[in-house]
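User: Hey, I'm new to this one. Can you walk me through it?

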Amino acid sequence: MPENQNPNQHFHEPLNQPRALRIGVAGPVGTGKSSILATLCRTLAGELSMAVVTNDIYTDEDARFLRSAGVLPTERIRAVETGACPHTAIRDDVSANLDAVEDLEEAYGPLDLVLVESGGDNLTATFSPALADAQIFCIDVAGGGDVARKGGPGITGADLLVVNKTDLAPHVEVDVAGMVTDAEAVRGGLPVLALSKHDPSSVAALADWVRSVLARHRAGSHVPTDPGPMAPHSHPHP
Ligand SMILES: Nc1nc2c(ncn2[C@@H]2O[C@H](COP(=O)(O)OP(=O)(O)OP(=O)(O)O)[C@@H](O)[C@H]2O)c(=O)[nH]1
């Protein structure tokens, strides 16, 4: 083993199979990222071979939620405990996540689709294009109607922006159409989807978006883009 090599890091032989499409799902705490993964698994697992990687700072709670939801065979759901700012594991040093994705591909491949959920964070987290071929950024109406105007790389540059929990809009006095218009104004033509897990037509639109990215990935015409770096931040070091 070369000097300086991390003994815990696995090394993967190149797989003799097409690589799965990797879609990252990021967004602030509680906006519905795990629910989006569960919805996509329920909708697409009958037609696609899928796996999931979750990121939590201290626990494997999101993975346990998805396992208990019964949306995929439990062994296809892996948890990465980031043990640090969740930005780090999806952006600065993606090796633990890449390990998890490649382990799943080795064990259950060929896979069509791997979904990677970021740890809940503020508005600034984005995936490195080295980890995610495409990324969904999720905000929700419960965060208030002005969230879409606040910007940040996920809102302005993610491949898809989801405005989630639209069924709650009347209860929190938010105008969903206005929120979507605000978001579209800062996204330069990139798509915005108003979603509720209780609204089948919006769920179908989400699944169709995934199918369209997968078709481009398979055709070799999908190019991962970087929504841009997160805002400057620092980590306290004990
Ligand atoms: N009414 C409604 N509730 C939703 C919807 N999507 C998610 N929720 C609820 O919102 C809460 C948070 O959802 P999660 O999917 O756990 O959110 P998350 O972003 O993964 O949360 P963290 O991993 O803690 O950041 C749960 O109580 C969900 O049931 C929706 O479309 N409508």
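Analyst: Sure. One term up front: Ala, Val, Leu, Ile, Met, Phe, Trp, Tyr, Cys and Pro count as nonpolar, Asp, Glu, Lys and Arg as charged, and the others, Gly among them, as polar. Also, keep in mind that this is a predicted model.

User: Ok, so what classes of residue make up the shell around the ligand?

Analyst: The shell has nine polar, five charged and two nonpolar residues.

User: And which residues are the closest to the ligand?

Analyst: Those are G32, K33, S34, S35 and G120, out of 16 residues that surround the ligand.

User: Which helix gives the most to that shell?

Analyst: Helix α1, residues 33–44, with three residues.

User: Switching topic: in what order do the strands of the sheet come?

Analyst: The order is β3-β2-β4-β1-β5-β6-β7, so seven strands form an open sheet, and the pairing is parallel. At the edges you find β3 (77–81) and β7 (192–194); each has a single partner strand, so one side of each has no neighbour in the sheet.

User: How many degrees are neighbouring strands turned against each other?

Analyst: On average 20 degrees, with direction ignored.

User: What packs on the sheet?

Analyst: Helix α2 (residues 61–69) does, and it touches β2 (50–56), β3 and β4 (113–117). The direction of α2 makes about 145 degrees with that of β2.

User: How many bridges join β1 to β5?

Analyst: Four, between β1 (residues 21–26) and β5 (residues 134–140), and these two strands run parallel. As one example, A26 has F137 in β5 as its bridge partner.

User: Back to binding. Which residues does UniProt list for "binding site"?

Analyst: The UniProt entry, which is unreviewed, lists G27, P28, V29, G30, T31, G32, K33 and S34.

User: Let's take G27. Where is it found?

Analyst: G27 is in the loop between β1 and α1.

User: Is G27 buried or exposed, and why?

Analyst: G27 is buried, because 29 other C-beta atoms lie within 10 Å, and 20 or more is what it takes to count as buried.

User: What is G27 in contact with, beyond its neighbours within four places in sequence?

Analyst: With those neighbours left aside, G27 is in contact with K33, F137, C138, I139 and G154. F137 is also the bridge partner of A26.

User: And P28, where is that found?

Analyst: P28 is also in the loop between β1 and α1. P28 counts as buried because there are 21 C-beta neighbours inside 10 Å.

User: What does P28 touch, not counting residues up to four places away?

Analyst: G120, D121, N122, L123, I139 and G143. G120 also came up among the closest residues to the ligand.

Notes
Residues numbered from 1 in each chain as written. Predicted model: local features only at pLDDT ≥ 70, side-chain atom pairs only at ≥ 80, totals over all residues. Near = placed C-beta within 6 Å. Pairing = 2+ DSSP bridges. Axes fitted to C-alpha atoms, helices over the stretch in contact; angles between N-to-C directions. Contact = placed C-beta atoms within 7 Å. UniProt positions renumbered as here; feature names shortened; annotations may be inferred. Buried ≥ 20, exposed ≤ 12 C-beta atoms within 10 Å, placed from the backbone.
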